[in-house]
Amino acid sequence: AGIPYREFWVAGDPVTGYLSLNIEERQIMGLYTARPGNGIGKALMDRVKEGRDWLQLWSHEPNTKAHAFYQREGFVTIGRKESGVDGIPEIHMEWHRDG
């Protein structure tokens, strides 16, 4: 049901990473790479930022490596919820283009 409302980017052949964005909410719904640390996540993030001045995402609170990546990408934590849809605490992060 979500596909008509999302943009998707993939990297690699075979695919080694992808990013999904809810267009209306400007929310990154998923960013996954087969081998974190090889620049694929950064390339996908750079692509989704093009032409946009604001993005948001929710991330599982225990996923501190992802949070460090998002912080390097300019995201800041703006909130938290005790339990996401899967029962795991989540943090809410936003990115705003400078200038």
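Where is the place of His92? His92 has its place in strand 6, and the views below, drawn from a predicted model, start from this residue.

**View 1. His92 in strand 6 and its polar contact with Gln56.**
The side chain of His92 makes a polar contact of 2.6 Å with the side chain of Gln56, a residue that lies in strand 4, which spans residues 54-60. In sequence the two residues are 36 residues apart, while their C-alpha atoms are 7.3 Å apart in space. His92 counts as buried, because its relative accessibility is 13%, and Gln56 is buried as well, with a relative accessible area of 11%. Leaving out residues up to four places away in sequence, His92 touches Gln56, Leu57 and Trp58, and also Val76, Thr77, Ile78, Gly79 and Arg80.

**View 2. The surroundings of Gln56 in strand 4.**
When neighbours within four places in sequence are left aside, the residues in contact with Gln56 include Glu25, Arg26, Gln27 and Ile28. His92, Met93 and Glu94 are also in contact with Gln56, and of these His92 is the residue whose side chain is joined to that of Gln56 by the polar contact of 2.6 Å.

**View 3. Strand 6 and the strands that pair with it.**
Strand 6, made up of residues 90-96, is largely enclosed by the rest of the structure, because 6 of its 7 residues are buried. Strand 4 and strand 6 run antiparallel and are joined by 7 bridges, and in this pairing Trp54 has His96 of strand 6 as its bridge partner. Strand 5, which covers residues 76-81, also pairs with strand 6 in the antiparallel sense, here over 5 bridges, and Thr77 has Met93 of strand 6 as its bridge partner. As a general point for reading such a view, the side chains in a regular strand alternate between the two faces of the sheet.

**View 4. The salt bridge between Glu90 and Lys81.**
Glu90 forms a salt bridge with Lys81, and the closest N and O atoms of the pair are 3.6 Å apart. How accessible are the two partners, Glu90 and Lys81? Glu90 counts as buried, because its relative accessibility is 11%, whereas Lys81, at 31% relative accessibility, counts as partly exposed.

**View 5. Glu73 and its salt bridges with Lys42 and Lys49.**
The structure holds 9 salt bridges, and one of the pairs is formed by the side chains of Glu73 and Lys42, which meet at 3.5 Å, N to O. This pair links distant parts of the chain, since Glu73 is in the loop between helix 2 (64-72) and strand 5, Lys42 is in helix 1 (residues 40-49), and the two are 31 residues apart. The side chains of Lys49 and Glu73 also meet in a salt bridge, at 3.0 Å, N to O. Because Lys49 lies in helix 1 and Glu73 in the loop between helix 2 and strand 5, this pair ties together parts that are 24 residues apart in sequence. Glu73 is buried, with a relative accessible area of 8%, and Lys49 is buried too, with a relative accessible area of 10%, whereas Lys42 counts as partly exposed, at 38% relative accessibility. Together with Asp46, the residues Lys42, Lys49 and Glu73 are linked in a network of salt bridges.

**View 6. Thr16 in the loop between strand 1 and strand 2.**
Thr16 is found in the loop that lies between strand 1 (6-11) and strand 2 (17-22). Is this residue, Thr16, buried or exposed? Thr16 is buried, because its relative accessible area is 14%, a value that falls under the 20% cut-off used for this class. Leaving aside neighbours within four places in sequence, Thr16 is in contact with Ala11, Tyr32, Thr33, Ala34, Arg35 and Ile40. Of these contacts, Tyr32 is found in strand 3, which covers residues 27-33.

**View 7. A nonpolar surface patch that includes Tyr32.**
Phe8, Val10, Val15, Tyr18 and Tyr32 make a nonpolar surface patch of about 510 Å². Tyr32, which contributes to this patch, is also one of the residues in contact with Thr16, and this view can therefore be read together with the one before it, in which Thr16 is described as buried.

Conventions. Residues are numbered from 1 along each chain as its sequence is written. This is a predicted model: local features need pLDDT of at least 70, side-chain atom pairs count only at pLDDT 80 or more; totals for chains, interfaces and linings use all residues. Side-chain values use heavy atoms; hydrogens and water are left out. Helices (H or I, at least four residues) and strands (E, at least two) are DSSP runs, numbered from the N terminus. Buried means under 20% relative accessible area, exposed over 50%, partly exposed in between (1.4 Å probe, protein chains only). Contact means heavy atoms within 4.5 Å. A polar contact is a pair of N or O atoms within 3.5 Å; within protein, one must be able to donate a hydrogen and the other to accept it, and residues adjacent in sequence count only if both atoms are side-chain atoms. Two strands pair if DSSP finds at least two bridges between them. Patches are made of residues with over 30% relative accessible area and no salt bridge: like charges are joined within 9 Å, nonpolar side chains (Val, Leu, Ile, Met, Phe, Trp, Tyr) within 5 Å. Accessible areas come from the Shrake-Rupley method with a 1.4 Å probe; for residues, only the protein chains shown count as cover. A salt bridge is a side-chain nitrogen of Lys or Arg within 4 Å of a carboxyl oxygen of Asp or Glu.
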